[in-house]
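Trainee: Got a minute to walk me through this one? I'd like the overall layout, then a closer look at one piece.
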Amino acid sequence: RLRARVGKMLGDEAQVKDGLGCLQSIYSKDPQYAPAAQAYAMALESTGHRPQALKVLVDYTKARPEDGRMRTIYAQVLQNEGKLDDAVVQLKQVVEQRPQDSQVLSALTELYRRLQRFDEAEQWANRLLEGGGPAQVKAAMHEVQLQAARGHIEAALEIVRRGSKAALKS
C-alpha cells in the first residue's frame, strides 16, 4: 500500500503498479483476511481504481457481513463514488451491530443531511446526542448544520448560544 501511495505522490506509475501488485498478491492468497482486503481496497481507492476497490469490498462484505469496520470503509468508498443511498444502507447495517458507535451515527447524520432528508438526519443526530460525552458535541454540530440547511438561521444560532453557555459553566 505504501509503495502504491508513494508512487502516486511521485508520479511513478511503475511504483504504483508494483505496490498494487504486492497487495493483490497478498489479498489473493486469502480474500477473507481483513487486513489484506482493507489495505488492498484502500490502495485501489486512493490510486483512482474505485470500481476495483468496490468489488473487493462487495466480495468481502458478502462473505463476512458481520465486519462493521469493512462496511464502514465500504460506505466511505460509496460516498466518494456519489452513491449516498447505498452508503446509508451499509452504515445502517453497522448500527444494527454497534448501536452506540458515535462515528457511524455521525456519518449517518451527515449522509442524510447531504441527501437533504433533514428529518431523518435529525433522528440520527438525536440518537447521537443520547450517547453523551464527546458525542454530544458532534450531535450539536450536526443540529446546527441541519437548522442552517433548512434556512433556520436563528435556530442554529440559538443552539450555538446554548452550547457556548454550557461550555462556560463547565
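Mentor: Sure. Helices here are DSSP runs of H or I with at least four residues, and strands are E runs of at least two, numbered from the N terminus. Keep in mind that this is a predicted model.

Trainee: OK, so how do the elements of the chain run from the N terminus on?
Mentor: They go α-α-α-α-α-α-α-α-α-α. That comes to 10 helices and 0 strands.

Trainee: And what share of the chain's residues count as buried?
Mentor: Buried residues make up 38% of the 170 in the chain. As for the surface, about 9,700 Å² is exposed, with carbon and sulfur atoms supplying 53% of that.

Trainee: Let's zoom in on α5. How many of its residues are buried?
Mentor: 10 of 13, so to speak of it as mostly covered is fair. Among them are M70, I73, Y74, V77 and L78, and also R71 and Q79.

Trainee: Which helices do those buried residues pack against?
Mentor: α3 (34-46), α4 (50-63), α6 (84-97) and α7 (102-114).

Trainee: What span should α5 have, and how far apart are its ends?
Mentor: With 13 residues (68-80) at 1.5 Å a residue, helix α5 should span 18 Å, and its end C-alpha atoms are 18 Å apart, which agrees.

Trainee: What caps the N-terminal end of α5?
Mentor: D67 does: one of its side-chain oxygens lies 3.2 Å from the backbone nitrogen of R69.

Trainee: And just after α5, which residue takes a positive phi?
Mentor: G82, at about 85°.

Technical notes: Residues numbered from 1 in each chain as written. Predicted model: local features only at pLDDT ≥ 70, side-chain atom pairs only at ≥ 80, totals over all residues. Heavy atoms only, no water. Expected span 1.5 Å × (residues − 1). Buried < 20%, exposed > 50% of the residue type's maximum accessible area, 1.4 Å probe, protein only. Contact = heavy atoms within 4.5 Å. Polar contact = N/O pair within 3.5 Å; in protein donor to acceptor, adjacent residues only side chain to side chain. Areas by Shrake-Rupley, 256 points an atom, 1.4 Å probe, with all protein chains shown as cover.
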